[in-house]
Amino acid sequence: MEETIGERFMRETSYDTQDRSPSDQQKGLPQPPLEAPWDPSQPVLRLPDPASLSVPPMGLREAIEARRSVRSYSSEPMSLAELTWLLWVTQGVQARTAERTYRTVPSGGARHPFETYLIVRNVTGVQPGIWRYLALEHQLVAVNLAIPDLMKETVRACAGQAFVEQCAVLFAWVCVPYRVTWRYADRGYRDMHIDAGHVCQNLYLGAQPIGCGVCAMLAFGDQAFCDLLGLNRKEQWVIYTAAVGKKEL
Ligand SMILES: Cc1cc2nc3c(=O)[nH]c(=O)nc-3n(C[C@H](O)[C@H](O)[C@H](O)COP(=O)(O)O)c2cc1C
């Protein structure tokens, strides 16, 4: 039987058979930046210091046992503090050197290849539109606050999943693959997808004590989502998304 693309990917990125030609790091090429460039002329929104956030106490066991995918949200807005908490648990930078960051989530080789984009609909103190979390600066920068019918466009990019229209905020993790392939060549594509799972699991668990519900989503249009976020798909693409909102009581 002919080898499928998935089988071929696994074979060609296996350490048993992988072409041993050196990665760009081994060739001495410079490391890409820890964060993708951003436009300083755009509005920025400073976020509360993570240490100042007060999160209702909840045991890890309770959070794990309460976690479910939630596709129906209350009309109550999320607060800026709640959004900040979720950004912190998913990508918060705890320590930094010139070459790497250490964050609230693990990442193979501490490559941390993601930029977090937010489609904001119902968060107090945040103008609806597309924002990006700058993890190194711990602030938001506006990407596009002028898209008409933003939530309809978002549903379209999410392969028509109608529940998305009612979420308070949609997280879209954008992968910058070269941050990983610079070190690991094509085997790094395995790392990226595994890293994304860790990030979204922290979102699910972090949402529990603050009364929010999350639904992870992989059903989206790759090109449609890149178009919505204004990304050049050759360099950056959406790896994973999740809708979030306050739970209905
Ligand atoms: C990788 C991944 C992709 C998913 N994609 C979608 C999706 O596009 N739409 C959706 O409604 N749920 C999606 N889900 C949620 C699953 O359907 C859900 O986790 C599963 O039904 C189990 O339910 P539970 O999360 O409540 O335990 C996804 C979950 C994962 C882990």
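The following dialogue between a biologist and a modeller considers how to read several features of a predicted model.

Biologist: What does the secondary structure of the chain come to, and how compact is the chain?

Modeller: The model is a predicted one. The chain has seven helices and nine strands. Its radius of gyration is 18 Å, close to the 18 Å that the globule rule gives for 249 residues, so the chain is as compact as a globular protein of that length. Along the principal axes, the C-alpha atoms fill a box of roughly 55 × 45 × 40 Å.

Biologist: What share of the contacts in the chain with a separation of 6 or more comes from residues 24 or more positions apart?

Modeller: Such residues account for 75% of those contacts.

Biologist: How should one read the interior, and which residues have the most contacts inside the largest nonpolar core?

Modeller: In soluble globular proteins, nonpolar side chains tend to be buried together. In this chain, 38% of the 249 residues count as buried. The largest nonpolar core has 65 residues, and those with the most contacts inside it are Val169, Ala172, Trp173, Leu203 and Val244. Leaving aside residues up to four places away in sequence, Leu203 touches Leu86, Val89, Thr90, Phe171, Val214 and Ala242.

Biologist: Why is strand β4 described as largely enclosed by the rest of the structure?

Modeller: A residue is buried if 20 or more other C-beta atoms lie within 10 Å of its own. Seven of the seven residues of β4 (residues 114-120) are buried, so the strand is largely enclosed. Phe114, Thr116, Leu118 and Val120 point one way, while Glu115, Tyr117 and Ile119 point the other way; all are buried.

Biologist: With which strands does β4 pair, and in what sense?

Modeller: β4 pairs with β7 (residues 169-175) in the antiparallel sense over seven bridges, and Glu115 stands opposite Val174 of β7. Five bridges join β4 to β5 (residues 129-134), also running antiparallel, with Trp131 of β5 as the bridge partner of Leu118.

Biologist: Which residues lie around the ligand, and how do they divide by character?

Modeller: The surrounding residues are Arg68, Ser69, Arg71, Gln161, Cys215, Ala216, Met217, Leu218 and Ala219. This shell divides into five nonpolar, two polar and two charged residues.

Biologist: What is notable about the backbone at His138, and where does the residue lie?

Modeller: His138 has a positive phi of about 50 degrees although it is not a glycine. His138 lies in the loop between β5 and β6 and is partly exposed, with 18 other C-beta atoms within 10 Å. Ala159, likewise not a glycine, has a positive phi of about 55 degrees. Ala159 lies in the loop between α4 and β7 and is partly exposed, with 14 other C-beta atoms within 10 Å.

Definitions and conventions:
Residues numbered from 1 in each chain as written. Predicted model: local features only at pLDDT ≥ 70, side-chain atom pairs only at ≥ 80, totals over all residues. Helix = DSSP H or I, 4+ residues; strand = E, 2+ residues; numbered from the N terminus. Rg over C-alpha atoms; globule rule 2.2 N^0.38 Å. Buried ≥ 20, exposed ≤ 12 C-beta atoms within 10 Å, placed from the backbone. Contact = placed C-beta atoms within 7 Å. Core = buried A, V, L, I, M, F, W, Y, C linked by C-beta atoms within 7 Å. Near = placed C-beta within 6 Å. Nonpolar A, V, L, I, M, F, W, Y, C, P; charged D, E, K, R; others polar. Pairing = 2+ DSSP bridges.
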